[in-house]
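Subject: Structure handover: pockets, ligands and cavities

Hello,

Here is the structure for you to pick up. My notes on its pockets, ligands and cavities follow below.

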Amino acid sequence: MQNNIKHLAIIMDGNGRWAQKKGWSRIKGHEKGARIAKEIVKVVKSKGIEYLTLYAFSSENWKRPKQEVEGLFRLLEGFIDAEIQELKDSNIRLHVIGDITKFPEILQQKIKKSIKETSKNTVLHLSIALNYGGRDEIIRAVKTISEKTIDPETINEETFKSFLDTAHIPDPDLLIRTGGEKRISNFLLWQIAYTEIYFVDILWPDFNEAALDNALAWFASRQRRFGMTENQIQEIETR
Ligand code: IPE
Ligand code: IPE
Ligand code: MG
């Protein structure tokens, strides 16, 4: 049986190396990367996938040179200005995961406005991870819980999830990381417990529909067992 994919998450890695290989500044790689992200959003939507989560800026990316961080903010602002109408028209709902309170005020306002203006959209939930770290998200959830008077007996996986940034988003079925590194880099630590993970050497600015199709075909061929035996899964599938 083929696996259904409801939620695709992507670690869009390799922008800097892509640009440096051409002798360009790293920010040129981020510019091309942003264009690819726009294209991939359209492709994912056309395939009927309901949730797409893109890792754009990690809680550790602040450690990069100031110039690169500022360049990334400029790009993000440009992305919002240029794409908000398109998101509205194409029925895409924007979400942000991560802690944007550390972002420049104007950028925060633009992000919040875009989230609000697309909040009635239904076809694709596009979540962008901004100043996102899986550990930071869990710590923020624990802080919120401890500020409330919650009976510890009521805390279980489901109630805990409701305090995460992804409260209303199902766990990813497939996680793709481009750029060749085989690590998670603090992305969706809680949510990927049973996610299939696909690593590919292609640098993000070179990613395209054909590369996505390869990942989706690989995903379709996986047997997801969720802790059960192969026989039990076959039994469920033939029922
Ligand atoms: C991913 O590309 C984008 C961000 C982290 C913002 P990188 O900038 O990490 O590119 P490489 O990995 O250095 O090539
Ligand atoms: C992960 O890539 C973050 C994003 C793609 C936004 P990094 O390039 O920051 O990850 P490391 O530092 O190589 O682990
Ligand atoms: Mg990188």
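The largest pocket has a lining of 32 residues. Nearest its centre are Met12, Tyr55, Ala56, Phe57 and Asn61. Bear in mind that this is a predicted model. The largest pocket holds about 800 Å³ of space. Its lining divides by class into 16 nonpolar, eight polar and eight charged residues. Five elements, H1, H2, S2, H3 and S4, each give at least two residues to that lining.

What occupies this pocket? Ligand 1 sits in the largest pocket. The space taken by ligand 2 is the largest pocket as well. I take the two ligands in turn.

**Ligand 1**

The shell around ligand 1 counts 13 residues. The closest are Asp13, Gly16, Arg17, Arg26 and Arg64. By class, the shell has three nonpolar, five polar and five charged residues.

Three helices each supply at least two residues of this shell: H1 (15–21), H2 (26–46) and H3 (66–89). H1 gives the largest share, with three residues.

Now the polar contacts of ligand 1:

- Aspartate 13 uses its side chain: an N or O atom there is 2.8 Å from an oxygen atom of ligand 1.
- Glycine 16 uses its backbone: a polar atom there is 2.9 Å from an oxygen atom of ligand 1.
- Asparagine 15 also has a backbone N or O atom in the list, at 3.1 Å from an oxygen atom of ligand 1.

How much of ligand 1 does the protein cover? On its own, ligand 1 has 380 Å² of accessible area, and the protein covers 87% of it.

**Ligand 2**

Around ligand 2 are Ile11, Met12, Asp13, Tyr55, Ala56, Phe57, Asn61, Arg64, Arg177, Arg183 and Ser185. Among them, Met12, Tyr55, Ala56, Phe57 and Asn61 are the residues nearest the centre of the largest pocket. Asp13 and Arg64 appear here and also among the closest residues to ligand 1.

The shell around ligand 2 has five nonpolar, two polar and four charged residues. Strand S2 (residues 51–58) contributes the largest share, three residues.

Here the polar contacts come from side chains:

- Serine 185 has a polar side-chain atom 2.6 Å from an oxygen atom of ligand 2.
- Asparagine 61 has a polar side-chain atom 2.9 Å from an oxygen atom of ligand 2.
- Arginine 64 has a polar side-chain atom 3.1 Å from an oxygen atom of ligand 2.

Ligand 2 alone has 390 Å² of accessible area. The protein covers 78% of that area.

**Second largest pocket**

About 300 Å³ of space lies in the second largest pocket. Its lining has 16 residues. His95, Val96, Ile97, Leu164 and Asp165 lie nearest its centre. S3 supplies the largest share of the lining, five residues. By class, the lining has seven nonpolar, five polar and four charged residues.

**Cavities**

How many cavities of 30 Å³ or more does a search of the whole structure find? The search finds two.

The largest cavity contains about 40 Å³ of space. Its lining is Leu76, Ile80, Leu94, Val96, Ile111, Ile128 and Leu130. By class, that makes seven nonpolar, no polar and no charged residues. H3, strand S3 (92–97) and strand S4 (124–132) each supply at least two residues of this lining.

The second largest cavity contains about 30 Å³ of space. Phe79, Ile80, Glu83, Ile84, Leu87, Leu94 and Ser114 line it. Five of the lining residues are nonpolar, one is polar and one is charged. H3 gives the most to this lining, with five residues.

Ile80 and Leu94 line the largest cavity and also line the second largest cavity. Val96 lines the largest cavity and lies among the residues nearest the centre of the second largest pocket.

**Where to look**

For the ligands, begin with Asp13 and Arg64. Asp13 has a side-chain N or O atom 2.8 Å from ligand 1 oxygen, and Arg64 has a polar side-chain atom 3.1 Å from ligand 2 oxygen. For the cavities, begin with H3, which supplies at least two residues to the lining of the largest cavity and five to that of the second largest.

Best wishes

How values were computed
Residues numbered from 1 in each chain as written. Chains lettered and ligands numbered in written order. Predicted model: local features only at pLDDT ≥ 70, side-chain atom pairs only at ≥ 80, totals over all residues. Heavy atoms only, no water. Near = heavy atom within 4 Å. Polar contact = N/O pair within 3.5 Å; in protein donor to acceptor, adjacent residues only side chain to side chain. Areas by Shrake-Rupley, 256 points an atom, 1.4 Å probe, with all protein chains shown as cover. 1 Å grid on protein atoms, 1.4 Å probe; cavity = no way out; pocket = protein on both sides within 12 Å on 5 of 7 lines; lining within 4 Å. Sits in = over half its atoms within 2 Å of the grid points. Helix = DSSP H or I, 4+ residues; strand = E, 2+ residues; numbered from the N terminus. Nonpolar A, V, L, I, M, F, W, Y, C, P; charged D, E, K, R; others polar. Points joined across faces, edges and corners; volume = space filled by probe spheres on them.
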